[in-house]
Amino acid sequence: MMKNTDKAEKISITLPPDMLSLIKEKVKGGDYASTSEVIREAMRLWQKQEEEYHARLSLLRARLERSAQSGAPVPLDQAFEVLEQTHKQRMKAAGNETV
């Protein structure tokens with residue numbers, strides 16, 4: 001919902017027929033009062049998606065930074081050996097001898 005203090009600017013956009021048809025169906029069906037309302041809702045959802053994307057990206061960057069500073073790297077073969085041994089120990093503890 002736009003605030004009364006916000007100034008709206010009229011623009012013109014071009015949409016493919018299928019998108020325009022869907023918008024018109026939603027307005028005709030009473031889901032939205034106008035085509036502008038549909039577009040505003042779409043923009044709000046897009047803004048939210050963008051914010052969430054950037055938040056996830058920031059989180060990933062922070063995790064990568066922590067990981068890079070967490071100590072010396074371990075060779076991949078060594079890491080898989082440790083994982084395999086851990087798996088074998090858990091399977092044995094669970095009573096499943098076959099791995």
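**Salt bridges and a nonpolar patch**

Arg-44 sits in between buried and exposed: its relative accessible area is 34%, so it counts as partly exposed. That places it in the middle class because buried means under 20% and exposed means over 50%. The structure discussed here is a predicted model, and Arg-44 is a handy way into its charged contacts.

Arg-44 forms a salt bridge with Glu-41, and the closest N and O atoms of the pair are 3.1 Å apart. Both partners belong to helix H2, which covers residues 35-68. They are 3 residues apart along it, or about one turn of the helix. Glu-41 is partly exposed as well, with a relative accessibility of 26%. Side chains of opposite charge can pair when their charged atoms come close.

How many salt bridges turn up when the whole structure is searched? The search finds 3, and the pair in H2 is one of the contacts described here.

Another salt bridge links Glu-84 with Lys-88, where the closest N and O atoms are 3.5 Å apart. These two residues both lie in helix H3 and are 4 residues apart, again about one turn of the helix. Glu-84 has a relative accessibility of 43%, which makes it partly exposed. Lys-88, at 34%, also counts as partly exposed.

Lys-26 and Asp-31 make up a further pair, with 3.7 Å between the closest N and O atoms of their salt bridge. Lys-26 has a relative accessible area of 35% and is partly exposed. Asp-31 falls in the partly exposed class too, at 48% relative accessibility.

Back to helix H3, which runs over residues 76-93 and includes Phe-80. Does its length come out longer, shorter or as expected, and what is the expected figure? With 18 residues at 1.5 Å a residue, H3 should span 26 Å, and its end C-alpha atoms are indeed 26 Å apart, so the two values agree. The expected span is 1.5 Å times one less than the number of residues, which is why the count of 18 is not multiplied directly. Just after H3 comes Gly-95, which takes a positive phi of about 85°.

Phe-80 also has a part in the surface of the model. Together with Leu-76 and Leu-83, Phe-80 makes a nonpolar surface patch of about 340 Å². Helix H3 therefore brings two themes together: Phe-80 of the nonpolar patch has its place there, and so does the salt-bridged pair of Glu-84 and Lys-88.

Conventions
Residues are numbered from 1 along each chain as its sequence is written. This is a predicted model: local features need pLDDT of at least 70, side-chain atom pairs count only at pLDDT 80 or more; totals for chains, interfaces and linings use all residues. Side-chain values use heavy atoms; hydrogens and water are left out. Patches are made of residues with over 30% relative accessible area and no salt bridge: like charges are joined within 9 Å, nonpolar side chains (Val, Leu, Ile, Met, Phe, Trp, Tyr) within 5 Å. Accessible areas come from the Shrake-Rupley method with a 1.4 Å probe; for residues, only the protein chains shown count as cover. A salt bridge is a side-chain nitrogen of Lys or Arg within 4 Å of a carboxyl oxygen of Asp or Glu. Buried means under 20% relative accessible area, exposed over 50%, partly exposed in between (1.4 Å probe, protein chains only).
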